[in-house]
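Subject: Structure for your review

Dear colleague,

Please find below the structure that I agreed to pass on to you. I would be grateful if you would keep it open while reading the notes that come after it.

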Amino acid sequence: LVRVPMNFFWRWAAGRFGKYRTYMAYELLYGCHMFLFLFVSKGTALLGVILCGTWGMAYAGHWLLYDLVSDVADYDELLTGQRREGQLTMARELVPKICEIPADALPFLLMGYYGYNPDLLEQNESVKWVIKGSISVLPGTAGLLGTFALCFFTLRKKDQHEKIIRGLQRHQAGLVTTDPLTGLRLPPIKREAGAVEFEGSTIGRDQVILLDHFFASEVSWAHHSGDLGKLKVKPVIFLVLSLLLGIPGFWFTLEGWASLSEGHSSIAPVGIILIGFAAIGFLFSLARLRQALRAPRIISKKDLEVMVAIHQSRGRIPGGIKALDEDQAPQPTTKVALPETTSVAANVVEKPTIHVPVTESEGPKSTKASL
């Protein structure tokens with residue numbers, strides 16, 4: 001009842017102040033509001049109802065995140081030449097679900113540890129604070145941390161997004177554009193049947209798939225050292241760390257399994273969570289290590305050189321070339337001949353010309369005429 005009409009307010013605010021500022025205000029308001037639930041206790045039911053209503057007013061703006069993700073998808077396409085909103089949306093939905101596992105399990109674990117008894121009308125103070133912390137302090141802290149993280153989000157203004165759209169149009173025409181966030185020269189990436197063409201050089205489909213398993217810094221390290229074996233270093237390190245994380249996970253699980261089976265407070269859920277994260281890290285690192293072992297057979301020095309150039313132009317590693325802003329860059333001109341006129345003073349025939357700027361829509365044809 002509260003959230004539905006408040007959607008119109010958040011929509012108006014986004015149009016008036018911009019999506020980024022409005023979403024930051026939402027995160028800040030949400031984080032601060034969650035701490036107000038600390039004042040809800042026995043005999044304050046009316047306060048609880050009011051706070052639930054005001055919480056709904058704040059939470060009505062959560063959909064702004066989806067709007068920001070759509071802008072990120074456009075920028076990602078400008079950088080990679082791929083339309084990957086499906087992957088971004090999946091990540092947006094998957095990450096909270098992964099966090100829900102410990103977020104749901106740990107409060108019940110702590111409540112059991114501090115003596116929660118469902119048969120009592122009123123719990124002890126420790127259990128009360130576990131409940132308050134779970135529904136107030138932790139969500140509020142997460143909201144404030146989200147506000148802090150948004151300070152590093154650089155896609156903030158409408159004109160930046162408009163430049164991204166113009167950049168996509170220029171890339172589709174095969175023209176170089178300027179990254180509106182970094183100011184770097186941004187040549188187009190052409191993809192066909194999985195292969196990548198960048199400034200006249202081509203990387204095959206299998207090579208692209210393999211190198212996409214590694215971060216830009218790893219590819220750059222392998223290229224500058226001239227050793228493809230460097231691609232194995234970080235996957236091996238993370239593989240070992242994942243295995244080490246699993247050791248306390250198995251120990252906690254075995255140590256607390258008997259208590260968990262009997263329905264008592266147990267540390268086993270913590271162990272199961274650690275095992276889950278260790279398994280994710282292990283499988284992720286194992287897939288990367290497998291590709292690193294294949295690299296010497298199919299990756300050439302030229303492949304590394306082209307991939308490093310792509311990463312540099314996208315600002316992922318140092319070495320990108322700064323470019324003029326498109327609106328300030330000099331425009332090519334073409335000469336338009338006028339009818340012949342006669343100078344009375346010199347009694348000679350002149351052919352005056354006018355320099356006419358070539359618009360972006362005229363494209364290469366007008367430039368060729370100028371030449």
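The notes below describe what was found in this structure.

Overall picture

Please bear in mind that this is a predicted model. The protein chain has 371 residues, of which 31% count as buried. Its secondary structure comprises 13 helices and 9 strands. Among contacts with a separation of 6 or more, 62% join residues 24 or more positions apart.

Confidence

The mean pLDDT of the chain is 86, and 87% of the residues reach 70 or more. Residues 326–371 have a pLDDT below 50, and this stretch has 49 contacts in the model beyond near neighbours in sequence. Where pLDDT is low, the predicted coordinates should not be read in detail.

The largest pocket

The largest pocket holds about 1,400 Å³ of space. It is lined by 41 residues, and those closest to its centre are Tyr30, Pro96, Cys99, Glu100 and Ala142. Five helices each give two or more residues to the lining: H2 (19–34), H3 (45–59), H4 (64–80), H5 (85–113) and H6 (125–150). Helix H5 provides the largest share, with 17 residues. By residue class, the lining divides into 31 nonpolar, 4 polar and 6 charged residues.

Two residues of helix H6

Leucine 144 is found in helix H6. Which residues does leucine 144 contact, leaving aside its neighbours within four places in sequence? They are Leu28, Gly31, Cys32 and Phe35. The C-alpha atoms of leucine 144 and tyrosine 30 are 8.2 Å apart, although 114 residues separate the two along the chain. Leucine 144 counts as partly exposed because its relative accessible area is 33%, and that class runs between the cut-offs of 20% and 50%.

Threonine 147 also belongs to helix H6. Its relative accessible area is 10%, which is under 20%, and threonine 147 is therefore classed as buried. With neighbours within four places in sequence left aside, threonine 147 touches Met24, Glu27 and Leu28. Leu28 thus appears in the contacts of leucine 144 and in those of threonine 147. As general background, an α-helix has 3.6 residues a turn, so residues three or four places apart point the same way.

Helix H11

Helix H11 covers residues 268–298, which is 31 residues. At 1.5 Å a residue, H11 should span 45 Å, and its end C-alpha atoms are indeed 45 Å apart, so the expected and modelled values agree. Which residues of H11 are buried? They are Ala268, Gly271, Ile273, Ala278, Gly281, Ser285, Arg288, Leu289, Gln291, Ala292 and Ala295. These buried residues pack against H5, H8 (205–211), H9 (216–225) and H10 (233–261). Helix H5 therefore has a part in this packing as well as in the lining of the largest pocket.

Two loops with positive phi

Alanine 193 has a positive phi of about 55° although it is not a glycine. This residue sits in the loop between strand E3 (189–192) and strand E4 (195–198). Is alanine 193 buried or exposed? Alanine 193 is exposed, because its relative accessible area of 70% is over the cut-off of 50%.

Glutamate 199, likewise not a glycine, has a positive phi of about 50°. Glutamate 199 is placed in the loop between E4 and strand E5 (201–203).

With kind regards

Terms used. Residues numbered from 1 in each chain as written. Predicted model: local features only at pLDDT ≥ 70, side-chain atom pairs only at ≥ 80, totals over all residues. Heavy atoms only, no water. 1 Å grid on protein atoms, 1.4 Å probe; cavity = no way out; pocket = protein on both sides within 12 Å on 5 of 7 lines; lining within 4 Å. Points joined across faces, edges and corners; volume = space filled by probe spheres on them. Helix = DSSP H or I, 4+ residues; strand = E, 2+ residues; numbered from the N terminus. Nonpolar A, V, L, I, M, F, W, Y, C, P; charged D, E, K, R; others polar. Expected span 1.5 Å × (residues − 1). Buried < 20%, exposed > 50% of the residue type's maximum accessible area, 1.4 Å probe, protein only. Contact = heavy atoms within 4.5 Å. pLDDT = per-residue confidence, 0-100.
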